[in-house]
Amino acid sequence: MSDKSVFPNFLRTITSSAFEGIIYAELCANLGLKTVGVVIDTSDESSRLYTQPTADAFTYAVKANGNLQLAYTDKIQDAETREAVITRMVPRLLASGVRVMYGAIYLLEGRDLFLLLVCQTHKQLVQHMGPEH
């Protein structure tokens, strides 16, 4: 559809990435969730440009919704190793009681780290509380 000679009237409109944060907050509310958390990848400039507005929109939408509570917010920092992120965040996630996390992640490496964080948190939760949690 990018060939203007074949599709002369076709236009593509891309919404703001911040809209994604609002949609995810609405999804959490529609699923009946009560507490949520957000992890923001701020490990490089391109990540910050994409993730911070998205995370801000998610946070705003969660706070605007009377049925949701934002119980955890954290950032993946510059030059922070995978091990440092896991060591720092997993205990805090467990203490927060959050069971649903929104990852405002831009780069593939950040997505891998976020998934590792979620898996390690779940693993420790199961070890401490049993598989029903």
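Here is a short conversation about the predicted model shown above.

Mentor: Welcome! Residues are numbered from 1 along each chain as its sequence is written. In this predicted model, local features need pLDDT of at least 70, side-chain atom pairs count only at pLDDT 80 or more, and totals for chains, interfaces and linings use all residues, while side-chain values use heavy atoms, without hydrogens and water.

Trainee: In what order do the elements of the protein run from the N terminus on?

Mentor: Helices (H or I, at least four residues) and strands (E, at least two) are DSSP runs, numbered from the N terminus. The protein has four helices and three strands. Their order is α-β-α-β-α-β-α.

Trainee: What share of the 133 residues count as buried?

Mentor: Buried means under 20% relative accessible area, with a 1.4 Å probe and protein chains only. By that cut-off, the buried share of the 133 residues is 30%.

Trainee: Which element gives the most to the largest nonpolar core?

Mentor: A nonpolar core is a set of buried Ala, Val, Leu, Ile, Met, Phe, Trp, Tyr and Cys residues joined through side-chain atoms within 4.5 Å. Here the largest has 13 residues, and Val39, Tyr72, Ile76, Met89 and Leu117 touch the most other members. Two or more residues come from each of β2 (69-76), α3 (82-96) and α4 (108-129). With five residues, the top contributor is α3.

Trainee: What percentage of contacts with a separation of 6 or more joins residues 24 or more positions apart?

Mentor: Contact means heavy atoms within 4.5 Å. Tyr72, for example, touches residues including Val38, Met89 and Met101. For the protein, the percentage at 24 or more positions is 75%.

Definitions and conventions. Buried means under 20% relative accessible area, exposed over 50%, partly exposed in between (1.4 Å probe, protein chains only). Lists of a residue's contacts leave out its neighbours within four places in sequence.
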